Amino acid sequence: MDCEEVMLTVRITAAERALLRALARGHNSDVSDVAADGLLDVIPALYADAGALRLSRVLARPAPCAVTLWLPEPVAELLPLVGDRVTRTSGLPTGPASGALAAALRLWLAGDPARLAASLARLHGPLAGAGAAVAQTAPAVGVAA
């Protein structure tokens with residue numbers, strides 16, 4: 001089943017961009033696919049008040065690098081809902097859907113690189129040593145949640 005994709009440009013840090021690229025390389029995928037998988041991993045947690053408040057803290061941090069992502073339409077349709085949830089919880093607007101996407105992606109990338117790689121491996125099937133390779137080559141990301 002094919003679905004339409006939505007192009008969004010997000011702002012993340014250079015270290016987050018490097019980690020995203022390393023995760024994609026480790027899973028023979030592109031950054032858009034990894035970002036979509038990461039969003040599916042983190043979005044459910046954002047509906048709790050604590051998750052929404054963590055997301056609002058990430059939104060407040062500057063991110064200098066622009067990355068263009070292609071997301072499946074069903075995933076992209078979740079982003080305004082996440083933004084609305086954050087606005088209701090924190091009182092801070094997330095702006096366009098790309099703001100919610102960037103914050104959710106940054107929140108996901110703030111996790112342990114080996115755990116992120118392991119989560120992706122479960123989604124994409126076994127890749128020998130992918131988690132270890134990403135954990136060794138990925139830079140540390142300084143986004144505390």
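The paragraphs below lead through this predicted model, from its overall layout to helix α2 and its partners, and then to some individual residues.

The protein has eight helices and two strands, and along the sequence these elements follow the pattern β-α-α-α-β-α-α-α-α-α. Of its 145 residues, 43% count as buried. Among the contacts with a separation of 6 or more, 83% are between residues 24 or more positions apart, and several of the pairs described below illustrate such long-range links in detail.

Helix α2 is a convenient place to begin. It covers residues 31–42, twelve residues in number, and it reaches 16 Å from its first C-alpha to its last, which is close to the 16 Å expected at 1.5 Å a residue. At its N-terminal end the helix is capped by Asp30, a side-chain oxygen of which lies 3.1 Å from the backbone nitrogen of Ser32. The buried residues of α2 are Ser32, Val34, Ala35, Ala36, Asp37, Gly38, Leu39 and Val42. In general, an α-helix has 3.6 residues a turn, so residues three or four places apart point the same way.

Two packing contacts of α2 can be followed in turn, starting with its contact with α1. The axes of α1 and α2 are 9 Å apart, and the two helices pack at an angle of about 100 degrees; because angles of 65 to 115 degrees count as roughly perpendicular, α1 and α2 are described as roughly perpendicular to each other. On the α1 side the contact is made by Leu20, Arg21, Leu23 and Ala24, and on the α2 side by Val31, Val34 and Ala35.

The second contact is with α6. Here the axes of α2 and α6 come within 9 Å and cross at roughly 80 degrees, and α2 and α6 are therefore also roughly perpendicular to each other. The residues of α2 that make this contact are Val34, Ala35, Gly38, Leu39, Asp41 and Val42, and those of α6 are Leu101, Ala104, Leu105, Leu107 and Trp108. Val34 and Ala35 thus take part in the contact with α1 as well as in the contact with α6.

Leu20 of helix α1 gives a residue-level view of this region. With a relative accessibility of 1%, Leu20 counts as buried, because the cut-off for that class is under 20%. Not counting residues up to four places away in sequence, Leu20 touches Ile12, Val31, Val34, Ala35, Leu105 and Leu109. The C-alpha atoms of Leu20 and Pro113, which are 93 residues apart along the chain, are separated by 9.6 Å.

Charged pairs add further links between the helices. Side chains of opposite charge can pair when their charged atoms come close, and a search of the whole structure finds two salt bridges. In one of them Glu16 is paired with Arg106, the closest N and O atoms being 2.9 Å apart; this pair links distant parts of the chain, with Glu16 in helix α1 (residues 14–26) and Arg106 in helix α6 (residues 97–109), 90 residues apart. Glu16 is buried, with a relative accessible area of 0%, and Arg106 counts as buried at 3% relative accessibility.

The other salt bridge joins the side chains of Asp41 and Arg115, at 3.9 Å from N to O. Asp41 lies in helix α2 and Arg115 in helix α7 (residues 113–124), so this pair ties together parts that are 74 residues apart in sequence. Asp41 is partly exposed, with a relative accessible area of 34%, and Arg115 is likewise partly exposed, with a relative accessible area of 42%.

Two further residues complete the tour. Thr13 lies in the loop between β1 (5–12) and α1, where it is buried with a relative accessible area of 18%. Leaving aside residues up to four places away in sequence, Thr13 touches Pro62, Ala63, Pro64, Cys65 and Arg106, the last of which is the salt-bridge partner of Glu16.

Ala76 lies in helix α4 (residues 73–76) and is buried, with a relative accessible area of 10%. With residues up to four places away in sequence not counted, Ala76 touches Val6 and Leu71. Ala76 and Met7 are 69 residues apart in sequence, and their C-alpha atoms are 8.9 Å apart in space.

Methods
Residues are numbered from 1 along each chain as its sequence is written. This is a predicted model: local features need pLDDT of at least 70, side-chain atom pairs count only at pLDDT 80 or more; totals for chains, interfaces and linings use all residues. Side-chain values use heavy atoms; hydrogens and water are left out. Helices (H or I, at least four residues) and strands (E, at least two) are DSSP runs, numbered from the N terminus. The expected span of a helix is 1.5 Å times one less than its number of residues. Buried means under 20% relative accessible area, exposed over 50%, partly exposed in between (1.4 Å probe, protein chains only). A polar contact is a pair of N or O atoms within 3.5 Å; within protein, one must be able to donate a hydrogen and the other to accept it, and residues adjacent in sequence count only if both atoms are side-chain atoms. A salt bridge is a side-chain nitrogen of Lys or Arg within 4 Å of a carboxyl oxygen of Asp or Glu. Axes are lines fitted to C-alpha atoms, for helices over the stretch in contact, and angles run from 0 to 180 degrees between N-to-C directions. Angles under 35 degrees count as roughly parallel, over 145 as roughly antiparallel, 65 to 115 as roughly perpendicular and the rest as oblique. Contact means heavy atoms within 4.5 Å.
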